[in-house]
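Trainee: I would like to go through this model one point at a time. Please give the reasoning with each answer.

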Amino acid sequence: THDFDLLSLYKKERSKFDEIFFIACNEGTDPSSRIDKELCEYGNVLCIESVELQYNTQEQLYAVVNNLSDKFQSRSQDFFGPGFLVESKRTDAAKRLNAMDNAKAALKDHPPDFKDE
């Protein structure tokens with residue numbers, strides 16, 4: 001979601017789940033594109049900088065997946081327990097990112113409103 005009002009979103013959706021975790025991506029210095037620092041202190045909120053998600057090579061992609069996995073695991077281990085993001089889950093995440101990159105590349109020459117029928 002692009003909703004920055006995490007507290008309202010949490011209150012609205014919490015009853016449907018055991019817990020809700022947010023990974024919020026900050027970009028630049030404009031306060032309207034950043035999550036309030038106080039929210040980043042909550043145990044179920046992980047705030048990262050957009051540059052932490054950038055990669056150009058497969059090696060960098062795996063580094064991004066591992067870095068984010070380590071941070072999320074550290075932040076949420078009280079809920080899930082230690083070591084829940086095992087290597088197979090990280091590999092699956094990298095595969096999903098590769099598939100997304102391939103789909104994006106396949107659609108790059110199509111107009112924004114293109115629909116695959």
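The questions below concern a predicted model.

Trainee: Which elements each supply at least two residues of the largest nonpolar core?

Mentor: The largest nonpolar core has 9 residues: L6, L9, I20, F22, A24, I35, L39, C40 and V45. The elements that each give at least two residues to this core are α1 (6–13), β1 (22–26) and α2 (37–40).

Trainee: Which residues does V45 touch, leaving out residues up to four places away in sequence?

Mentor: V45 is itself a member of the largest nonpolar core. With residues up to four places away in sequence left out, its contacts are L6, F22, L39, C40 and R75.

Trainee: What span should α4 have at 1.5 Å a residue?

Mentor: α4 has 21 residues, and its end C-alpha atoms are 30 Å apart. That agrees with the expected span, which is 30 Å.

Trainee: Why do the buried residues R90, A93, A94 and N98 count as being on the same side of α4?

Mentor: An α-helix has 3.6 residues a turn, so residues three or four places apart point the same way. In α4, the buried residues include R90, A93, A94 and N98. On the other side of α4, K95, R96, N102 and A106 are exposed. The buried four are placed on the same side because they cover an arc around the axis of only 140°.

Trainee: Is K108 buried or exposed?

Mentor: K108 lies in the segment after α4 (87–107). Its relative accessibility is 63%, and the cut-off is over 50%, so K108 counts as exposed.

Terms used. Residues numbered from 1 in each chain as written. Predicted model: local features only at pLDDT ≥ 70, side-chain atom pairs only at ≥ 80, totals over all residues. Heavy atoms only, no water. Core = buried A, V, L, I, M, F, W, Y, C linked by side-chain atoms within 4.5 Å. Buried < 20%, exposed > 50% of the residue type's maximum accessible area, 1.4 Å probe, protein only. Contact = heavy atoms within 4.5 Å. Expected span 1.5 Å × (residues − 1). Arc of directions from axis to C-beta.
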